[in-house]
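The exercises below are meant to be worked with the sequence and the coordinates side by side. Please attempt each task before reading its solution.

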Amino acid sequence: MAFTDEQLERYSRHILLKEIGVRGQKKLMNGSVLIIGAGGLGSPAALYLAAAGVGRIGIADADVVDLSNLQRQVIHTTADLGRPKAVSAAETMKAINPDVETVVYREFLNSKNISGIIKDYDFVLDCTDNFPAKFLINDAGVMADKPFSHAGILRFRGQLMTVIPHESPCYRCVFHEMPPKDAIPSCREAGIVGAMAGVIGSLQALEAVKYLTGAGELLTGKLLTFDALTMTFHTVQLPPRGDGCAVCSDHPEITELTDYEQPACEFKPGSAV
Amino acid sequence: MAEQSEYKIDETVDITGVVCPVTFVKTKVALEELDEGQILAVHMNDGEPVQNVPRSVKDEGHKILKLIGNEDGTWDLIVRKAGA
C-alpha cells in the first residue's frame, strides 16, 4: 500500500517520528480499535484515533446526547442534542478523517453480545462509567485474549491500565470484585471536571497507538493514577498476573460472562462517562 | 548531475515540489522502500531543504555519501540506507 500525497501530508507528523515512521503509519491504517462508550473518555480517544488514521474504529453506545454531557463529551456538539451518541461520534470522526472506516453499535454491551463484537478488533478501549461494564469488558477481554485499555475517572482523579490478557495483570487481578452498592458514587452524583476526561481518554488513545505501532512500552503491569488538583501522576507497580485471579489465572473460577447487577442509582452498563 | 555517476543510484526522489516537512517525509518514504545498503539520490532545492534534509537523514542513521551542488542551484544528496 503506497501513500497518496494527501496521506503523506496528513500523517507527516507521525511519519517523521522514528518510533512510528512509514511502517507505523501503515500499521495504524491497517489496524482497528473498538471504543466502548462515546462519552467523556471515548470522545477524546475517538477524535485522536480518527485523526491518527486508524483504519477501522468501532464506537459502541446506546445513549443519546444530553445537555449535561457537553461539558466534557467533546466529540458531540449542541446541534447533536437528542441524537444517538454512537452516530454523532462516528460522524465527527468521518469529518476529521474520511479515510477512517467507522462502525456504529447503538447498543449497550452485555454478556450476550460483547464477545461477538470485540473479536473483530485489534485493541479495545473501556471508556465506560460503571463497574458492571468494567468487569464485563475485563472478563470478556481476558476470555478472548483481547488487549484493552482500562480507564476510570471521578471528580478530579483518573486511573489507567493496559491489559494484555494472560501476560499482564488484568483489572480483576487488582480489583477482585464489584464494589458494594453505593460504595462508590457515579459521576452523575459525584461530578467530574471535563478536562480530566480529556487527559485520561487521550492517554487511552496513546496506548492504542503504541499497541498498534509497537512503539515504546505499554502501561502493563502498572496502574497509573492522576490527581488533577495536585497535578500529580503516579505509577504503581502491580504484582504479577495469575495466582488467585478469578478470571485470568491458569485455573479460573469464572469461565462465563455475567451481567452484574446495576448499582442503586439506575445506570446502564456500557453507558459512557 | 555528472558527479552522480560515481555511485550506483538505486532510486531517485525529487522533493523540489514540496516544502518542509513533506520534503523529509518523502525522503523517508523513499528510503523505507529500499533495502539496506542501497543508494538513494534526493533532488532538492537550495535553502531550507538543503539545510535540514541532510541533517535529518543523518540523524536517522543513514550514511551521507555526497552532497552535489548543481549549476541550477538545486542539490543532489546521495544517501546509503542503513539497516532497520
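**Exercise 1.** Which side chain of chain B meets that of Asp5(A) in a salt bridge? Set this pair in the context of the interface between chain A and chain B.

*Solution.* This is a predicted model, in which local features need pLDDT of at least 70 and side-chain atom pairs count only at pLDDT 80 or more, while totals for chains, interfaces and linings use all residues. Residues are numbered from 1 along each chain as its sequence is written, chains are lettered from A and ligands numbered from 1 in the order in which they are written, and side-chain values use heavy atoms, with hydrogens and water left out.

Step 1. The partner of Asp5(A) is Lys26(B), with 3.6 Å from N to O; a salt bridge here is a side-chain nitrogen of Lys or Arg within 4 Å of a carboxyl oxygen of Asp or Glu. The count between chain A and chain B is two salt bridges.

Step 2. Five residue pairs, both members at pLDDT 80 or more, are in polar contact across this interface (a pair of N or O atoms within 3.5 Å; within protein, one must be able to donate a hydrogen and the other to accept it, and residues adjacent in sequence count only if both atoms are side-chain atoms). On the side of chain A that touches chain B, helix H1 (5–10), helix H2 (12–15) and helix H3 (21–30) of chain A each give two or more residues, where helices (H or I, at least four residues) and strands (E, at least two) are DSSP runs numbered from the N terminus.

Step 3. In contact terms (heavy atoms within 4.5 Å), 12 residues of chain A meet 11 residues of chain B. The two chains bury about 1,100 Å² between them, 66% of it on carbon and sulfur atoms; buried area is the accessible area (1.4 Å probe) that two parts lose on being put together, summed over both. Leu8(A), Leu16(A) and Val22(A) supply 44% of the area that chain A buries against chain B, more than any other three residues.

**Exercise 2.** In what order do the eight strands of the open sheet of chain A run, and why is one side of strand S3 and of strand S8 left without a neighbour?

*Solution.* Step 1. The order is S3-S2-S1-S4-S5-S6-S7-S8, with mixed pairing; two strands pair if DSSP finds at least two bridges between them. Strand S3 (101–105) and strand S8 (232–237) of chain A stand at the edges with a single partner strand each, so one side of each has no neighbour in the sheet.

Step 2. Within chain A, strand S1 (residues 32–36) and strand S4 (residues 123–126) pair in the parallel sense over four bridges, and Leu34(A) has Val124(A) as its bridge partner in S4(A).

Step 3. Helix H4 (residues 42–52) of chain A lies across S1, strand S2 (56–60) and S4 of chain A, and runs at about 165° to S1(A) (axes are lines fitted to C-alpha atoms, for helices over the stretch in contact, and angles run from 0 to 180 degrees between N-to-C directions).

**Exercise 3.** Which strands form the edges of the open sheet of chain B, and where is Pro21(B) found?

*Solution.* Step 1. Four strands form this sheet in the order S1-S2-S4-S3, again with mixed pairing, and its edge strands are S1 (11–14) and S3 (63–69) of chain B.

Step 2. S3(B) pairs with strand S4 (residues 75–80) of chain B in the antiparallel sense over six bridges, and Ile64(B) stands opposite Val79(B) in S4(B).

Step 3. Pro21(B) is found in the loop between S1 and H1 of chain B, and the peptide bond from Cys20(B) to Pro21(B) is cis, with omega near 5°.
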